[in-house]
Amino acid sequence: MTLWIVCCRVTEKADTLFTLYAKDREDAERQAKEILQEYGYEQLTLKEHLHGFRIVMTYLPGTIGEDV
């Protein structure tokens with residue numbers, strides 16, 4: 001599974017990121033939709049990060065588990 005990041009609009013002046021691991025774009029879109037329904041935010045972007053992502057000195061690996 002690969003790392004995906006959903007950027008959402010929270011307010012006019014603030015956005016937030018949600019991270020998720022998905023097996024493909026369809027799975028990522030499904031999970032993003034669930035996040036949007038739960039929080040009521042507007043989705044700005046959904047991007048795959050195969051090489052990982054660093055947030056304030058924390059590294060999220062780009063892939064987990066076995067590739068199918």
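**Exercise 1. Find out which residues Trp4 is in contact with, leaving aside its neighbours within four places in sequence.**

*Solution.* Keep in mind that this is a predicted model. Start with Trp4 and skip whatever sits within four places of it in sequence; the contacts left are Phe18, Thr19, Leu20, Ala22, Asp24, Arg25, Ala28, Leu46, Lys47 and Glu48. Next, check Trp4 against the largest nonpolar core: Trp4 is one of its 11 residues, and Phe18, Leu20, Ala22, Ala28 and Leu46 are also among them. The rest of that core is Val6, Cys8, Ala32, Ile35 and Leu36. Now ask who supplies it: S1, S2 and H1 each give two or more residues, with H1 providing the largest share, four residues. As a general backdrop, nonpolar side chains in soluble globular proteins tend to be buried together.

**Exercise 2. Work out the strand order of the open sheet, and say which strands are at the edge.**

*Solution.* Read the order first: the three strands run S2-S1-S3, with antiparallel pairing. The edge strands are then S2 and S3 (42–48), since each pairs on one side only. On average, neighbouring strands are turned by 20 degrees against each other, direction ignored. Zoom in on one pairing: S1 (residues 2–11) and S3 are joined in the antiparallel sense over six bridges, and Ile5 has Lys47 in S3 as its bridge partner. Finally, add the helix: H1 packs on the sheet and touches S1, S2 and S3, and its direction makes about 140 degrees with that of S2.

**Exercise 3. Track down the aromatic pairs of Phe18, Tyr39 and Tyr41, and classify each as stacked, tilted or edge-to-face.**

*Solution.* A search of the whole structure turns up three aromatic pairs. Take Phe18 and Tyr39: their centres are 5.0 Å apart with 40 degrees between the planes, which makes the pair tilted, because stacked needs under 30 degrees and edge-to-face over 60. Phe18 lies in S2 (residues 14–22) and Tyr39 in H1 (residues 25–39), so this pair ties together parts 21 residues apart in sequence. Move on to Tyr39 and Tyr41: with centres 5.7 Å apart and planes at 20 degrees, the pair is stacked. Put together, Phe18, Tyr39 and Tyr41 form one aromatic cluster.

**Exercise 4. Decide whether Phe18, Tyr39 and Tyr41 each count as buried or partly exposed.**

*Solution.* The cut-off for buried is under 20% relative accessible area. Phe18, at 17%, counts as buried. Tyr39 comes in at 42%, so it counts as partly exposed. Tyr41 has 26% relative accessibility, so it counts as partly exposed too.

Definitions and conventions:
Residues numbered from 1 in each chain as written. Predicted model: local features only at pLDDT ≥ 70, side-chain atom pairs only at ≥ 80, totals over all residues. Heavy atoms only, no water. Phe/Tyr/Trp six-rings, centres within 6.5 Å; stacked < 30°, edge-to-face > 60°. Buried < 20%, exposed > 50% of the residue type's maximum accessible area, 1.4 Å probe, protein only. Pairing = 2+ DSSP bridges. Axes fitted to C-alpha atoms, helices over the stretch in contact; angles between N-to-C directions. Contact = heavy atoms within 4.5 Å. Core = buried A, V, L, I, M, F, W, Y, C linked by side-chain atoms within 4.5 Å.
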